[in-house]
Number of protein chains: 4
Amino acid sequence: MPVPPTASTAPAEERVREAALDLFAARGYHGTGIRQLAEHAGLSSASLYHYMGTKEDLLVAIMRTCLERLIADAEAVVTARADPEERLAELIRMHVRAHAERPRETRVVDGEVEVLGAAARAEVITLRDRYESIWQSVVEDVLTAIGAPAGEDARLARRALLEMCSGVARWYRPDGRSPLEDVADRYAVLGLRLVGVPHPSHPSH
Amino acid sequence: MPVPPTASTAPAEERVREAALDLFAARGYHGTGIRQLAEHAGLSSASLYHYMGTKEDLLVAIMRTCLERLIADAEAVVTARADPEERLAELIRMHVRAHAERPRETRVVDGEVEVLGAAARAEVITLRDRYESIWQSVVEDVLTAIGAPAGEDARLARRALLEMCSGVARWYRPDGRSPLEDVADRYAVLGLRLVGVPHPSHPSH
Amino acid sequence: MPVPPTASTAPAEERVREAALDLFAARGYHGTGIRQLAEHAGLSSASLYHYMGTKEDLLVAIMRTCLERLIADAEAVVTARADPEERLAELIRMHVRAHAERPRETRVVDGEVEVLGAAARAEVITLRDRYESIWQSVVEDVLTAIGAPAGEDARLARRALLEMCSGVARWYRPDGRSPLEDVADRYAVLGLRLVGVPHPSHPSH
Amino acid sequence: MPVPPTASTAPAEERVREAALDLFAARGYHGTGIRQLAEHAGLSSASLYHYMGTKEDLLVAIMRTCLERLIADAEAVVTARADPEERLAELIRMHVRAHAERPRETRVVDGEVEVLGAAARAEVITLRDRYESIWQSVVEDVLTAIGAPAGEDARLARRALLEMCSGVARWYRPDGRSPLEDVADRYAVLGLRLVGVPHPSHPSH
DNA sequence: TATGAATGAGATTTCATTCAT
DNA sequence: GATGAATGAAATCTCATTCAT
């Protein structure tokens, strides 16, 4: 629960963002006070408001940045690969990497959507839906490629895959036993098997 | 975001618990106020304290009940089945059912552990660890049975399985397209494939 | 500027209202803080919120009560008297009395309308318009009775009369030189002369 | 309530003054923030302090200018006219014109005296008293001229006259039905009748 | 001349909780 | 069993103002 302060020499605006990431991820949006945020960023709570709008704006900015990056990365994967299985494998690796390397951002995105007001929520959900729709079509392509039905099953599989991969943000530690690329590769294997690909061919990246 | 009140004729103690489930699940612990809780339960905020200790006690009670039931159910599964694959399949079905039928409880357990104080957190984490250790050994048994290595892979697979199945609490609706037992069966298939069982033999329950 | 505290033994709800009257009248709505209000009423600022909604609600309640009473009194005058000149004389006396006896309320009504939000402002302005329309028709009747044109002149006269009489709230002191009824009678004479009645017949009440 | 920005090409100092007039008149001194003032003047809030002392200084300057002009104009009227009735008629016209043409200034003078600190308040009240004493003696002269007692009655009449004429600032619109000079003339008639002059002789200017 | 950065103090309102009745 | 009254602490956010650049 105690979160060490950022207190670096980085520009204040960045420190505010870092503080928000640290604390929102660790204690949740409603569990984080403005004063904690300020202290963590090494500012007074009044000064905080030079670098942000409202507390909610700060949250939305974090979510938007994170989701936009996920979308861009997913689109890049789809562009770079043509083979359905390879696409899915690479999508899984990308998602796992994102959640292992930016666990704060992704945890905030995954866990704090419901605190947003109507307008902000709509925006964030639109982004999230765009990201998920990329997954959806990639999963459907794989199911079609291996001769499986791709209706309700594809939705189920997409959800299962996304949840399973997002979980990485909850436990991965960069100083842990498995290097990140190992974890990403293994998840790709698990994911392909899950959707029904019997012998995932090219697990390497 | 608007959560309809319980306002039933149930005994007050139960109404308090229901209110907490509704609101903690919908808005989070820190996002739920004592007065909202009281209003939702049809009591005054002072009366609330006849039926609970502190707000945190209420949260802990919800988590404890939920986790103890999961543990009991998991132990029952292990007792009832001997075959590793069948055990895992049944464990998955049980977990999916629990998350589909009691999404509020499981969401609270999954999402609010970090708000607990040290003592309560230790207790809850102990329970969670017990539950996960049951899964861990069942997964290991399956991997051993199919001739796969069961070290770090088993931990990875267990985490992937649990995350993927817990996600059901986020999207399952009792009035949706798939009946619950279908979803449970399908998840069992997905899960077995994930760990490497090629032709899940007895998907039915 | 220093306003002596109410601090009586009156019920808290009343003390809050009194405090608001004292301070809103003396320092204005925006010049009065919640903490000053609380201190003046002998409560903590948190306790204040047992007896009121928001600060604006408190203001609106004061305005509504004051305006509704003015309207009721004006309607009573119109009902009680038939002669136009007598009606106007009595209306003036009533208005002067109200502003002399309840200077805090009337000053708040006259000076703080623009701080209200849209909804509250609409309500208050509706009440104010009702009150002024009573005056308007009484003034028109007088002008007609004395053979004067009653168009734009009546509007001008009504405004002049109301402003002149409302000013009493700014200077009348109960311990001053003139008894209230004298002031009221004299204003009735001034007012009738203003609209053009040469020898106000029944200045007494 | 929304006040359109000044945003002109006028020199900054003037823009600051205009902004203060707009906002103090519309929202009151305490209802106007330094940042609103700055935005309205097209400056940053820090730059504002190049053109003013404190916020209160700005308010005092507005009040002083307005009152000094009223005093000068009133003295000019007294100098220019010898006949008591004509003096009063012209004084009324002047006051009405001032309030119709500079409603922001006069509203601020009339409504924000009590927010001033002791020193500033003393200065402003001294000016106001000087202005009112001019009126007082003119009214007394009229009463004496028409053979009426001029003691307490004169004070009452002066107050009634001033309030009634100041009210013009609250409703006069330059694009309204009556041209300003009409309004001024009519108020002169109303005012003379009010003090007891039966047939105001020279209503025109 | 002009402004970003900064802040201590204070704004209004809600927090979880207690207690006398 | 139930609640109105009460509150210290804290919530988010704005205040008027200063200062180095």
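At the start of helix α5 of chain D, a side-chain oxygen of Asp83(D) comes to within 3.2 Å of the backbone nitrogen of Glu85(D). The model in which this contact appears is a predicted one. The helix itself, α5(D), covers residues 84-101, and its 18 residues, at 1.5 Å a residue, should span 26 Å, a value with which the computed distance of 25 Å between its end C-alpha atoms agrees. Of these 18 residues, 14 are buried, so α5(D) is largely enclosed by the rest of the structure.

A second set of results concerns the interface of chain C and chain D. To this contact chain C gives 30 residues and chain D gives 29 residues, and the area buried between the two chains is about 2,800 Å², with carbon and sulfur atoms giving 56% of that area. Six salt bridges are found across the interface, including one between Glu152(C) and Arg177(D), whose closest N and O atoms lie 3.7 Å apart. In addition, seven residue pairs are in polar contact between chain C and chain D, counted where both residues have pLDDT 80 or more.

On the side of chain C that touches chain D, the elements that give two or more residues are α1 (12-27), α8 (152-166), α9 (168-171) and α10 (180-195). The largest share of this side comes from α8(C), which gives nine residues. When the residues of this side of chain C are divided by character, 13 are nonpolar, five are polar and 12 are charged.

Conventions: Residues are numbered from 1 along each chain as its sequence is written. Chains are lettered from A and ligands numbered from 1 in the order in which they are written. This is a predicted model: local features need pLDDT of at least 70, side-chain atom pairs count only at pLDDT 80 or more; totals for chains, interfaces and linings use all residues. Side-chain values use heavy atoms; hydrogens and water are left out. Contact means heavy atoms within 4.5 Å. Buried area is the accessible area (1.4 Å probe) that two parts lose on being put together, summed over both. A salt bridge is a side-chain nitrogen of Lys or Arg within 4 Å of a carboxyl oxygen of Asp or Glu. A polar contact is a pair of N or O atoms within 3.5 Å; within protein, one must be able to donate a hydrogen and the other to accept it, and residues adjacent in sequence count only if both atoms are side-chain atoms. Helices (H or I, at least four residues) and strands (E, at least two) are DSSP runs, numbered from the N terminus. Ala, Val, Leu, Ile, Met, Phe, Trp, Tyr, Cys and Pro count as nonpolar, Asp, Glu, Lys and Arg as charged, and the others, Gly among them, as polar. The expected span of a helix is 1.5 Å times one less than its number of residues. Buried means under 20% relative accessible area, exposed over 50%, partly exposed in between (1.4 Å probe, protein chains only).
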